[in-house]
Amino acid sequence: YCLYNYPRNLSLVTENTTVECTAPLTPLLMYYASYWDPEAVAEVIEELKDPAKIEALNKIGVCANPQVFCPPEIVETFTPEEVFFAFSFGLKVQNITSTWDMKGDLIDNITQATELASYMVLVDVFAGVVDFGFDQTFSVANPASQYSRGILFWGGPYTNRNTSGLSEEEAKEVRKADDDQ
């Protein structure tokens with residue numbers, strides 16, 4: 001069983017609609033991205049090698065994430081250059097991470113992905129994307145993790161499974177047949 005990821009508009013679901021399982025929460029997402037742009041990743045890594053840029057991103061916080069509303073009273077405390085940098089950098093990161101979906105083959109440069117993750121944990125607003133899967137010693141200086149963790153999202157039995165009125169043995173066979181689909 002998996003937790004299905006249904007379309008937002010359920011009225012669009014038909015018999016022919018393909019519904020996919022929700023991707024697990026794991027560092028493997030980045031290693032099996034449906035699209036990997038090594039140049040874009042290298043650009044983000046280079047920017048994150050500058051401690052001043054990490055400090056600026058941590059100062060601006062959620063305003064660096066284009067998917068999060070940044071209240072005007074907070075925006076006013078930053079220079080327009082800081083806001084522009086944070087927002088444009090957030091878009092770069094979003095473009096990279098939006099393809100972390102385990103729908104691709106193993107990327108060619110796993111070292112680059114690991115290096116990106118090691119820098120992303122330094123930026124508070126992006127750390128949550130990667131730090132869950134690695135142990136506490138994972139860092140730029142130690143881009144290795146002795147332990148890794150993930151969460152699989154499980155669903156439940158099919159909604160059309162009806163075994164009422166069947167003997168225990170017949171119900172078991174129906175469940176097994178459904179599970180084998």
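This is a short tour of the salt bridges in a predicted model. Searching the whole structure turns up seven of them, and we'll stop at a few.

Start by selecting Lys92 and Glu43. Their side chains form a salt bridge, with the closest N and O atoms 2.7 Å apart. Now colour the helices: Lys92 sits in helix α5 (residues 80–97) and Glu43 in helix α2 (residues 38–48), so this pair ties together parts of the chain 49 residues apart in sequence. Switch on a surface if you like. Lys92 is partly exposed, at 27% relative accessibility, and Glu43 is partly exposed too, at 39%.

Keep Lys92 selected and add Glu47. Here is another salt bridge, 2.6 Å from N to O. Again the link runs between distant parts of the chain, from Lys92 in helix α5 to Glu47 in helix α2, 45 residues apart. Is Glu47 buried or exposed? With a relative accessible area of 13%, Glu47 is buried, because the cut-off for buried is under 20%.

Next, add Lys53 to what you have on screen. Glu43, Glu47, Lys53 and Lys92 are linked in a network of salt bridges, so show all four side chains as sticks and look at them together.

For the last stop, clear the selection and pick Glu82 and Lys59. They form a salt bridge whose closest N and O atoms are 2.9 Å apart. Glu82 belongs to helix α5 and Lys59 to helix α3 (residues 51–60), so the bridge joins parts 23 residues apart in sequence. Check the surface at Lys59 as well: at 48% relative accessibility, Lys59 counts as partly exposed.

Technical notes:
Residues numbered from 1 in each chain as written. Predicted model: local features only at pLDDT ≥ 70, side-chain atom pairs only at ≥ 80, totals over all residues. Heavy atoms only, no water. Helix = DSSP H or I, 4+ residues; strand = E, 2+ residues; numbered from the N terminus. Buried < 20%, exposed > 50% of the residue type's maximum accessible area, 1.4 Å probe, protein only.
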